[in-house]
Amino acid sequence: MPARNDTALWTGLFKISPESGQTLQAQIRQAIVSAILDRQIAPSMPLPSCRILAEKLGVARGTVVLAFQQLVDQGFLIARERRGHFVNPEVLAAPPRPPRKQGGKDGVNWQKRFQVLASEMPEPRKNEDWMKASYPFVYGQFDPSLFPTAEWRECNRMALAVLEIRNWAADMVDRDDPLLVEQIQARLLPRRGIFANPDEILVTLGSQHALYMLATLLMSRGKKVAVENPGYPDARSIFQLAGAEIAPVPVDRQGIDVAQIPQDADFVFATPSHHCPTMVPLSQARREALLEAAERHDWIVIEDDYDSQLADERPQAALKGLDRNGRVVHLGSMSKTLAPGLRMGYIVAPADLIAELRALRRFMLRHPPANNQRAVALFLSLGHHDTLVRRISAAFEERREKLYQAVGDILPDWNAADIRGGTSLWLEGPPGLDSAVLAKSAARRSVLIEPGARFFLGRTQPTPFMRLGISSIAAQQIEPGIRELAAAASEYRRVAA
């Protein structure tokens, strides 16, 4: 957080000119208001004292005092005794002001300069206030009650020891923490049936970072990527941003239908462990068929090991573990077990591909933060991750059973797939239901669900499908949450009738 006396920060925010047609006091007020509305001053950051700001700007102290006082009167600032002036948080609660007009003397016409338009891709589902909801059936978040706070703090303290700092503080250029690579190689991959050498592993900032690097390195206009439909929308967007053509492939109760993958595809993106979003695992027969077809048609298979980190009574080897021809690129992540905000994942692939990805990563960010890599490596090496996996696997299994039972009891005409493992339930409502409209009605009852339309490619009609996450909701809240969802559905039917 910048200090209140940070000269570069405050000099940059305040542009005062004696040649302006406005008074110095008015210019100061305008500069502060503009910085507040543009979110350039955080509510926790005190403004410089009147004396210091007057010295920096070369104006009389009284000029600054009057400017601050008027901003207090107008509600932009709050004066706190013996602490100084702060931004009024109520001002920041309002929507940010519209951006400046593009083009002309007021700015650059950026629209004409963009080579790709990432903003036109489907937006992610955001539930920024999910912790405030009574029934957060949200996916991809964590449960604070299950987070290993003490163990994670221990590993971070160890990473901050003098000798450890010497291991990670230097610029590693394009290298990864060797201890983390060793732990991924020895502890995480064998559970998935994968045995890899260190030069076949690259640490990433999560699975999306891995996908973006692969798309940048391998895909371009004219390349075709077969993807599951429904499937992971951000993967589709990443491939499209690289210029690739997307070929949707249907999914059934055995996973992606290999027979319908176009033979002229260059890549196949799949989530074999638990399909996103239906959670069905790719059957053994389909796995063998996919690998055989990949060899026959010269496909590269990108395997996102989605929702595979939890303990499973009947685990299937990852597709990469069955690969004998180096055609499978495996993406793993620790988001679902440790924390999604940590952004730590990895790629397992042939050494020559990893070497090129490492070179590409250097131009993007050199390497993921080395202190985080070391803390995660220690977390793995001390057995904390194994303990965490057992604990959250048991908790999520209980929640999944309660959710499946509650849906069957309270919404008997709805269809929920009884699939073990994973952190969500794919739910289909009655024909004609629009899950996007239902989600809004449910949110008013403090029930958060994820409409399913975003997972389908090319679908224009409303869909009755939705995804209910279990990673963030307490077991005792599941049944009442489904009752509230049922009430929202009844309200929906009354309005639609």
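This is a short tour of the structure above, one selection at a time.

**Before you start**

The model is predicted: local features need pLDDT of at least 70, side-chain atom pairs count only at pLDDT 80 or more, and totals for chains, interfaces and linings use all residues. Residues are numbered from 1 along each chain as its sequence is written, and side-chain values use heavy atoms, with hydrogens and water left out.

**Stop 1: the whole chain**

Show the full C-alpha trace, which spans about 80 × 65 × 50 Å along its principal axes. Colour by secondary structure and you have 17 helices and 16 strands; these are DSSP runs, with helices being H or I of at least four residues and strands E of at least two, numbered from the N terminus. Of the 497 residues, 50% count as buried, where buried means under 20% relative accessible area, exposed over 50% and partly exposed in between, with a 1.4 Å probe and protein chains only. Taking contacts (heavy atoms within 4.5 Å) with a separation of 6 or more, 73% come from residues 24 or more positions apart.

**Stop 2: residues 22-90**

Select residues 22-90, which UniProt lists in an unreviewed entry as "domain: HTH gntR-type". UniProt positions are given in the numbering used here, feature names are shortened, and annotations may be inferred rather than shown by experiment. In the model this stretch is 54% helix and 12% strand, and its end C-alpha atoms are 28 Å apart.

**Stop 3: helix H15 and its partner**

Now pick His 384, in helix H15 (residues 384-410). Is His 384 buried or exposed? With a relative accessible area of 16%, His 384 is buried. Apart from neighbours within four places in sequence, His 384 is in contact with Glu 151, Glu 154, Cys 155 and Phe 379.

Keep H15 on screen and add helix H17 (residues 478-496): the two pack at an angle of about 35°, with axes 9 Å apart. Axes are lines fitted to C-alpha atoms, for helices over the stretch in contact, and angles run from 0 to 180 degrees between N-to-C directions. To see the contact, show Arg 399, Lys 402, Leu 403, Ala 406, Val 407 and Ile 410 on H15, together with Ile 478, Glu 479, Ile 482, Arg 483 and Ala 486 on H17. By class, this contact has seven nonpolar, no polar and four charged residues; Ala, Val, Leu, Ile, Met, Phe, Trp, Tyr, Cys and Pro count as nonpolar, Asp, Glu, Lys and Arg as charged, and the others, Gly among them, as polar.

**Stop 4: aromatic pairs**

Rings of Phe, Tyr and Trp (its six-membered ring) pair if their centres lie within 6.5 Å; planes under 30 degrees apart count as stacked, over 60 as edge-to-face and the rest as tilted. The count comes to eight aromatic pairs. Start with Phe 142 and Phe 147: their ring centres are 6.0 Å apart and their planes are at 85°, so the pair is edge-to-face. Phe 142 is partly exposed at 28% relative accessibility, and Phe 147 is partly exposed at 22%.

Then move to Trp 426 and Phe 456, whose centres are 6.4 Å apart with planes at 40°, so this pair is tilted. Trp 426 lies in strand E13 (residues 424-428) and Phe 456 in the loop between strands E15 (450-451) and E16 (465-469), so the pair ties together parts that are 30 residues apart in sequence. Trp 426 is buried at 9%, and Phe 456 is buried at 15%. Add Phe 455 and Phe 465 to the selection, and you have one aromatic cluster of Trp 426, Phe 455, Phe 456 and Phe 465.

**Stop 5: backbone details**

Which peptide bond near the end of strand E5 deserves a look? The bond joining Asn 229 and Pro 230 is cis, with omega about 5°, and Pro 230 sits in the loop between strand E5 (224-229) and helix H10 (233-241). The bond from Cys 276 to Pro 277 is also cis, with omega near 10°; find Pro 277 in the loop between strand E8 (267-270) and helix H11 (284-297).

Next, select Arg 343, which has a positive phi of about 55° although it is not a glycine. Arg 343 lies in the loop between strand E10 (328-333) and strand E11 (345-348), and is partly exposed at 33%.

**Stop 6: Ser 145 and Ala 474**

Finish with Ser 145, in the loop between strand E3 (135-136) and helix H6 (149-159). Ser 145 is exposed, with a relative accessible area of 59%. Draw a distance from its C-alpha atom to that of Ala 474: the two are separated by 9.0 Å, although 329 residues apart along the chain.
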